[in-house]
Amino acid sequence: MAGPSSVLVVGASAAGLCTAEALRRKGYTGRLTVLGGEPHLPYDRPPLSKQVLSGAWTPDRAWLRTEEALAGLDAEFLLADPATGLDPATRTVRTASGRTLRAEVVVVATGARPRTLPGQAGLAGVHVLRTLDDALALRAGLLASSRLVVVGDGVLGAEVAATARTLGLDVTLTGPRPAPMTGSLGPLAANLLAELHAEHGVRLRMGARV
């Protein structure tokens with residue numbers, strides 16, 4: 001595969017990993033660097049709100065690849081150093097530690113960030129769920145608590161509410177739509193999901209913005 005001499009993939013989660021794997025699979029032999037903001041090897045996020053949060057899985061079971069498989073990519077993984085800036089003209093990425101990384105091609109695969117509430121920073125007992133560390137912190141909080149309010153009626157909110165009920169917590173789920181996951185499932189299936197949540201003891205406060 002003819003191409004650039006160097007590729008920098010910004011983001012070491014599923015999208016970044018798949019980009020690196022695709023490049024090698026297609027025959028790219030140049031220098032390949034994967035930059036990640038977290039200290040962990042690439043892992044799968046869907047289990048965070050279910051198996052990892054409930055304790056059914058240890059964190060390493062969420063890894064997308066083994067260390068041996070990652071070593072086979074012949075890529076340099078720079079972890080625990082999030083990107084803070086990009087100069088497109090020079091293909092230069094700056095990181096939190098002060099690194100300056102240059103490559104002929106830069107792939108931005110950084111994913112999303114959770115939305116927080118005003119004044120949330122530093123509040124004990126208030127969590128977001130995006131990363132593996134978030135999931136472990138939330139699990140510790142749930143095990144030390146008896147009541148939970150989930151703000152958000154999408155996939156993640158519905159899954160956290162269900163998982164927390166299996167841990168025995170009193171759970172309230174709130175969101176702006178008429179039923180959980182209405183945007184993903186449509187009204188009929190969402191209403192069935194609402195009934196299922198209620199049968200399992202989740203208190204629903206739908207149509208209410210926080």
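**Close-up views of pockets and cores**

**View 1. The largest pocket holds about 1300 Å³ of space.** Welcome to the first stop in this predicted model. Of the 42 residues that line the largest pocket, Arg115, His127, Val128, Val151 and Gly152 lie nearest its centre. Several elements contribute to the lining: helix H4 (132–143), strand S8 (147–151), helix H5 (155–166) and strand S9 (170–175) each supply at least two residues. Sorted by class, this lining comprises 21 nonpolar, twelve polar and nine charged residues.

**View 2. The second largest pocket encloses about 580 Å³ of space.** Look for Gly37, Glu38, Arg45, Thr110 and Ala112, which lie nearest the centre of this pocket among its 26 lining residues. The lining of the second largest pocket divides into 13 nonpolar, eight polar and five charged residues.

**View 3. The largest nonpolar core brings together 19 residues.** Within this core, Leu48, Leu142, Leu148, Val150, Val160 and Val171 have the most contacts. Helix H2 (51–54), H4, S8, H5 and S9 each supply at least two of the core residues, and H4 gives the most, with four.

**View 4. Leu148 and the residues it touches.** Leaving aside residues up to four places away in sequence, Leu148 touches Leu142, Val160, Ala164, Leu169, Asp170, Val171 and Thr172. Three of these names may be familiar from the previous view: Leu142, Val160 and Val171 are, like Leu148, among the residues with the most contacts inside the largest nonpolar core.

**View 5. A second core of 13 residues is separate from the one above.** Leu17, Leu23, Leu70 and Ala75 are included in this second core.

Key:
Residues numbered from 1 in each chain as written. Predicted model: local features only at pLDDT ≥ 70, side-chain atom pairs only at ≥ 80, totals over all residues. Heavy atoms only, no water. 1 Å grid on protein atoms, 1.4 Å probe; cavity = no way out; pocket = protein on both sides within 12 Å on 5 of 7 lines; lining within 4 Å. Points joined across faces, edges and corners; volume = space filled by probe spheres on them. Nonpolar A, V, L, I, M, F, W, Y, C, P; charged D, E, K, R; others polar. Core = buried A, V, L, I, M, F, W, Y, C linked by side-chain atoms within 4.5 Å. Buried < 20%, exposed > 50% of the residue type's maximum accessible area, 1.4 Å probe, protein only. Contact = heavy atoms within 4.5 Å.
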